[in-house]
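Hello,

Here is the structure for you to look over. My notes come right after it.

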Amino acid sequence: ATLPALVPGTRRSVSPSAKPILELSDIHKAFNGKTVLNGINLAVRPGEIISIIGPSGSGKTTLIRTINGLETLDGGTVRLLGNDFIEAGQAENALAWRSNITKLGMVFQGFNLFPHKTVLENLMLAPHLHFEEQRESLKQRCLAMLDKVGMLEHANKYPHQLSGGQQQRVAIARTLVMRPSVVLFDEPTSALDPERVSEVLDVIARLAQEGITMLIVTHEMKFAFTISDRVVFMEHGNIEVDAAPSAILQMREHRINRFIQDMAT
Ligand code: ADP
């Protein structure tokens, strides 16, 4: 059997000596006594694109959710921009959390747009609450962001008037107007009709070229191997492989390649 034709991307390399912008140390998490994250270590450098792949139930989504405080930790630390951000037993460390949370953007599977607000209002809401920015300048910034994701002409529509792919592009723009240091994507295309997947992946790939730091849980192997600096393969709550796409494609006998092949067929 041959591997699918995955061509590792040619991204400008991120300096290995750059200080991590996001650092996970020995993250543990269990649900009802069942270990879901079993000591995860991961350092993300500025501008790095990291895709997280692995079988269903391996802990990918839980990992993403612990990073931004949607799940509490049972052990370990999440450090953002060199600051301790979340620690086990300190989920209530609300002040540190709040001062940092806008630095982390999150894009969900299910878009999570506010249904009763227009596209433009969806973008303006959070920056309006968090930043002291003149309304007109914020509005122009949001319109420019909508233009960037190809949604400018839909600025005054409501989410229900849009396709899933369009809603997800709006959700990405809404995340970016907060100027996050790191954007977390939790299976951003898994709720989309197949014909809508590529328009969202294209937007993410374009943003990747701009140097935005990203951590992406995805089942889209071709996408992951094309845009990522590193691909992380999770299994049973552990990181089994953390390597450049080209290095992974050479691990011929490794489970990760069987997994990639299964996903692509
Ligand atoms: P993946 O994203 O790799 O598919 P998840 O992180 O969604 O994996 O899930 C890992 C495991 O944790 C699964 O067995 C799932 O059922 C379990 N799990 C996730 N969230 C919860 C929860 N809130 N309560 C109980 N179990 C959960």
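The notes below cover confidence, the ligand shell, the core and one proline.

This is a predicted model: local features need pLDDT of at least 70, side-chain atom pairs count only at pLDDT 80 or more, and totals for chains, interfaces and linings use all residues. Numbering starts from 1 along each chain as its sequence is written.

Confidence: pLDDT is the predictor's confidence in each residue, from 0 to 100. The chain averages 88, and 86% of the residues score at least 70. For the complex, the predictor gives an ipTM of 0.97 and a pTM of 0.90.

Ligand: the shell (C-beta, placed from the backbone, within 6 Å of the ligand) consists of Phe31, Val36, Gly54, Ser56, Gly57, Ser58, Gly59, Lys60, Thr61 and Thr62. Two are nonpolar, seven polar and one charged. Here Gly counts as polar, Phe and Val as nonpolar, and Lys as charged. Helix 1 (residues 60-67) gives the most, with three residues. Helices are DSSP runs of H or I, at least four residues, numbered from the N terminus.

Core: the largest nonpolar core (buried Ala, Val, Leu, Ile, Met, Phe, Trp, Tyr and Cys joined through C-beta atoms within 7 Å) has 67 residues. Ile52, Ala173, Leu184 and Leu215 touch the most other members. Helix 6 (residues 194-208) gives the most to this core, with six residues.

Proline: Pro245 lies in helix 8 (residues 245-249). Pro245 counts as buried because it has 22 C-beta neighbours inside 10 Å; the cut-off is 20 or more, with C-beta atoms placed from the backbone.

Best regards

Note on methods:
A residue is buried if 20 or more other C-beta atoms lie within 10 Å of its own, exposed if 12 or fewer, and partly exposed in between; C-beta atoms are placed from the backbone. Helices (H or I, at least four residues) and strands (E, at least two) are DSSP runs, numbered from the N terminus.
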